[in-house]
Amino acid sequence: MTLRAATRGDLDAIMALEESAFPTDAWSRTAMAAEIASPHGRYLVDDESGRVVGYGGVRAVVGAGDADIQTIALEADVRGAGRGRALLRALLDEARARRAQQVFLEVRADNPVAQRLYASEGFVEIARRPRYYQPDDVDAIIMQLNLPEPGADGKVDR
Ligand SMILES: CC(C)(COP(=O)(O)OP(=O)(O)OC[C@H]1O[C@@H](n2cnc3c(N)ncnc32)[C@H](O)[C@@H]1OP(=O)(O)O)[C@@H](O)C(=O)NCCC(=O)NCCS
């Protein structure tokens, strides 16, 4: 497993994953291309010997203090082996590097696997948005993680 920065050349593979993981609410190719190119965040891919098997993105505007996990998804046949956690941790490292103190995300109420992953990394539910995901009519759970401030030596205590 190699995590590396996503490039425009990964767009086809990312869109294939996006459409298969989120069949009713996939992002458009145009929106995804803009996300990958944005200087205000970072997209990573999980590259297995040249095959993109996962991707994830974080938005973290330097100086804003907040970050958002935008998306994270893996090909079905590689799930459940720790890759999702590794990807999430890499995105959180990126948020820290951009000096975020709080990280937010939205997860579908009918996605217990993702909720468990986020909770096990310290995210807590702070709100619900009823019927947020349409046309499926599923609530969004909003979760938050507070990132520790770097110490005086510049290191982060974990
Ligand atoms: C959600 C997703 C990214 C998690 O990645 P993953 O590689 O499958 O998960 P990991 O193997 O890293 O496991 C992390 C934790 O997730 C939970 N989890 C993973 N697979 C699970 C399963 N089949 N049942 C219940 N919980 C599960 C567990 O809490 C696990 O921690 P543990 O191994 O210590 O028990 C991945 O399953 C996926 O791509 N799902 C489809 C897209 C999606 O739902 N994305 C999230 C949108 S918010």
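Reader: Is E75 buried, exposed or partly exposed, going by the other C-beta atoms within 10 Å?
Author: Bear in mind that this is a predicted model. The count for E75 is 19 other C-beta atoms within 10 Å. A residue needs 20 or more to be called buried, and 12 or fewer to be called exposed. With 19, E75 therefore falls in between, so the label is partly exposed.

Reader: Okay, and which residues is E75 in contact with, leaving aside its neighbours within four places in sequence?
Author: E75 sits in the loop between β4 and α3. Its C-alpha atom is 6.0 Å from that of G54, although 21 residues separate the two along the chain. Leaving out neighbours within four places in sequence, the contacts of E75 are L17, V53 and G54.

Reader: V53, then: buried or exposed?
Author: V53 belongs to strand β3. Its C-beta count within 10 Å is 20, and the cut-off for the buried class is 20 or more. That count is why V53 gets the label buried.

Reader: What does V53 touch, not counting residues up to four places away in sequence?
Author: One thing to look at first is D77, 24 residues from V53 along the chain, with 8.8 Å between the C-alpha atoms. As for what V53 touches beyond four places in sequence, the list is D46, E48, L74, E75 and V78.

Reader: Let's go to the ligand. Which residues around it come nearest?
Author: There are 18 residues around the ligand. By class, they split into nine nonpolar, five polar and four charged. The ones that come nearest are R79, G84, R85, R116 and L117.

Reader: And which element gives the largest share of the shell around the ligand?
Author: Two or more shell residues come from each of β4 (66–74), α3 (83–97) and α4 (112–120). The largest share is five residues, and the element supplying it is α4.

Reader: How far apart are the end C-alpha atoms of α3, and what should its 15 residues span?
Author: Helix α3 has 15 residues, and the expected span takes 1.5 Å times one less than that number. This gives 21 Å, so the model agrees with expectation, as the end C-alpha atoms of α3 are also 21 Å apart.

Reader: Which residues in α3 are buried?
Author: Quite a few elements help cover the buried part of α3, including β1 (2–5), β2 (41–48), β3 (51–59), β4, β5 (102–108) and α4. After the helix comes R99, with a positive phi near 65°. The buried residues of α3 itself are R83, G84, L87, L88, L91, L92, E94 and A95.

Reader: Which element supplies the largest share of the largest nonpolar core?
Author: In soluble globular proteins, nonpolar side chains tend to be buried together. Here the largest nonpolar core has 31 residues, with A6, L44, Y55, L91, A95 and V103 making the most contacts inside it. At least two core residues come from each of α1 (11–21), α2 (29–37), β2, β3, β4, α3, β5 and β7 (138–146). The largest share, five residues, is from α3.

Reader: What is Y55 in contact with, leaving aside its neighbours within four places in sequence?
Author: Y55 is among the residues with the most contacts inside the core. Setting aside neighbours within four places in sequence, the contacts of Y55 are A6, I14, L17, Y43, L44, V45, D46 and A73.

Reader: How far is the C-alpha atom of A64 from that of R98?
Author: A64 is in the loop between β3 and β4. It counts as partly exposed because it has 14 C-beta neighbours inside 10 Å. Along the chain A64 and R98 are 34 residues apart, while their C-alpha atoms are separated by 9.0 Å.

Reader: Any odd backbone to check? Which residues does a cis peptide bond join?
Author: Look at the loop between β6 (124–133) and β7, where P135 lies. Omega there is about 15°, and the cis peptide bond joins Q134 and P135.

Reader: What is the phi of D137, which is not a glycine?
Author: D137 is in the loop between β6 and β7, and it is exposed because it has just 9 other C-beta atoms within 10 Å. R131, in strand β6, also has a positive phi, near 60°. For D137, phi is positive at about 65°.

Key: Residues are numbered from 1 along each chain as its sequence is written. This is a predicted model: local features need pLDDT of at least 70, side-chain atom pairs count only at pLDDT 80 or more; totals for chains, interfaces and linings use all residues. A residue is near a molecule or strand if its C-beta atom, placed from the backbone, lies within 6 Å of it. Helices (H or I, at least four residues) and strands (E, at least two) are DSSP runs, numbered from the N terminus. Ala, Val, Leu, Ile, Met, Phe, Trp, Tyr, Cys and Pro count as nonpolar, Asp, Glu, Lys and Arg as charged, and the others, Gly among them, as polar. Two residues are in contact if their C-beta atoms, placed from the backbone, lie within 7 Å. A nonpolar core is a set of buried Ala, Val, Leu, Ile, Met, Phe, Trp, Tyr and Cys residues joined through C-beta atoms within 7 Å.
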